[in-house]
Amino acid sequence: MVETEKTEEKGTEQKMVLKSTEMDPKFKYEISKIPGAEKVMLCFQCGTCTADCPISRFDDFYRPRKLIRMTQLGLKDKLLSNDVIWLCSTCFTCIDHCPQDVGIASIVRALRNLTVERGHMPAGYREQVSNILKTGYAYVISDLRLKKRQQKGLPALPKANLESVAKLFDVTGFSKTLEKVGDVK
Ligand code: SF4
Ligand code: SF4
């Protein structure tokens, strides 16, 4: 048993017991090679990102500062098996305010990508991928909403070129990654 991390942020108290056997010292280097995540080691845990994060305001567990610290400590399995990393809305507020210019949202994206490489993607995201493949849009737009657009005099939504969408999935390697995830039709 190595360390007990006790945090008090926004009125919540969370206790995490860390074991040295759970730490992968190479993980931070693995992450820092990913574009946008290069500055992960520059975080000095000031907490500005957590204070400004809109998701932290509404969720007791989502703390960007903590995710960065866990990355630095090499808690790879704990991070990649935790659905909390999917809560980030990619608003970039944390990046705008970080005094160390740490690409927090990009680090979260890197963690998500590694999670998907392991074959895990939350159901909501699988559904969005499926929608993109079928319609070109992440969300299915109902006939009622399309009709309302028409009534308001708004132009029709452009039709996606689904062949190009599928090609994009292939050339970026995303199709192959999706095979690991499964259950995306
Ligand atoms: S604002 Fe930047 S330096 Fe401060 S805790 Fe967040 S990532 Fe680290
Ligand atoms: S990008 Fe993600 S971590 Fe950063 S402030 Fe927005 S929701 Fe929070």
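Start at the far end of the chain and select G182: just after helix α11, this residue takes a positive phi of about 70°. Helices and strands here are DSSP runs numbered from the N terminus, H or I over at least four residues for a helix and E over at least two for a strand. Now colour α11 itself, residues 174–181. This helix is hardly covered, as the count of buried residues among its eight residues is zero. A residue is called buried if 20 or more other C-beta atoms lie within 10 Å of its own, exposed if 12 or fewer do, and partly exposed in between, with C-beta atoms placed from the backbone.

A note before moving on: this is a predicted model, where local features need pLDDT of at least 70 and side-chain atom pairs count only at pLDDT 80 or more, while totals for chains, interfaces and linings use all residues. Residues are numbered from 1 along each chain as its sequence is written, and chains are lettered from A and ligands numbered from 1 in the order in which they are written.

**Zoom out**

Show the whole protein chain as a cartoon. You should find 11 helices and two strands, with both β elements ahead of the α elements in the sequence pattern β-β-α-α-α-α-α-α-α-α-α-α-α. The C-alpha trace spans about 60 × 35 × 25 Å along its principal axes. Of the 185 residues, 21% count as buried.

Next, colour by domain: domain 1 is 3–117 and domain 2 is 123–181, with bounds taken from an automatic or database domain assignment. Their C-alpha centres lie 30 Å apart.

Switch to colouring by pLDDT, the predictor's confidence in each residue, from 0 to 100. The chain mean is 90, and 92% of the residues reach 70 or more. Residues 1–11 are where pLDDT stays under 50; the model has 18 contacts beyond four places in sequence for them. A contact means two C-beta atoms, placed from the backbone, within 7 Å.

**Helix α4 and the core**

Select α4, residues 64–73. Eight of its 10 residues are buried, so α4 is largely enclosed by the rest of the structure. Show P64, R65, K66, L67, I68, M70, T71 and L73 as sticks to see the buried ones. Just after α4 comes G74, with a positive phi of about 80°.

Keep I68 on screen and add V40, I104, I107 and V108: of the 24 residues in the largest nonpolar core, these five touch the most other members. Such a core is a set of buried Ala, Val, Leu, Ile, Met, Phe, Trp, Tyr and Cys residues joined through C-beta atoms within 7 Å. Which elements give two or more residues to this core? They are α1 (27–32), α4 and α7, and α7 gives the most, with six residues.

Centre on V40. Leaving aside neighbours within four places in sequence, V40 is in contact with K28, I31, S32, I68, T71, Q72, V102 and I107.

**Ligand 1**

Select ligand 1 and its 15 surrounding residues, of which C43, C46, T48, C49 and C98 come nearest. A residue belongs here if its C-beta atom, placed from the backbone, lies within 6 Å of the molecule. Both α2 (48–52) and α4 give two or more residues to this shell, and α4 gives the most, with three. By class, the shell has 10 nonpolar, four polar and one charged. Ala, Val, Leu, Ile, Met, Phe, Trp, Tyr, Cys and Pro count as nonpolar, Asp, Glu, Lys and Arg as charged, and the others, Gly among them, as polar.

**Ligand 2**

Now hop to ligand 2. Of the 13 residues around it, C53, C88, C91, C94 and A105 come nearest. At least two shell residues come from each of α3 (54–58), α6 (93–97) and α7 (104–117). This shell has 10 nonpolar, three polar and no charged residues.

**Two odd phi angles and a last stop**

Pick T90, in the loop between α5 (76–80) and α6. T90 is not a glycine, yet has a positive phi of about 55°. Is T90 buried or exposed? With 10 C-beta neighbours inside 10 Å, T90 counts as exposed.

D101 sits in the loop between α6 and α7 and has a positive phi of about 60°, although it is not a glycine. D101 is exposed, with 9 other C-beta atoms within 10 Å.

Finish in helix α7 at L114, which is partly exposed, with 18 other C-beta atoms within 10 Å. Draw a C-alpha to C-alpha distance from L114 to N82: the two are 32 residues apart in sequence and 12 Å apart in space.
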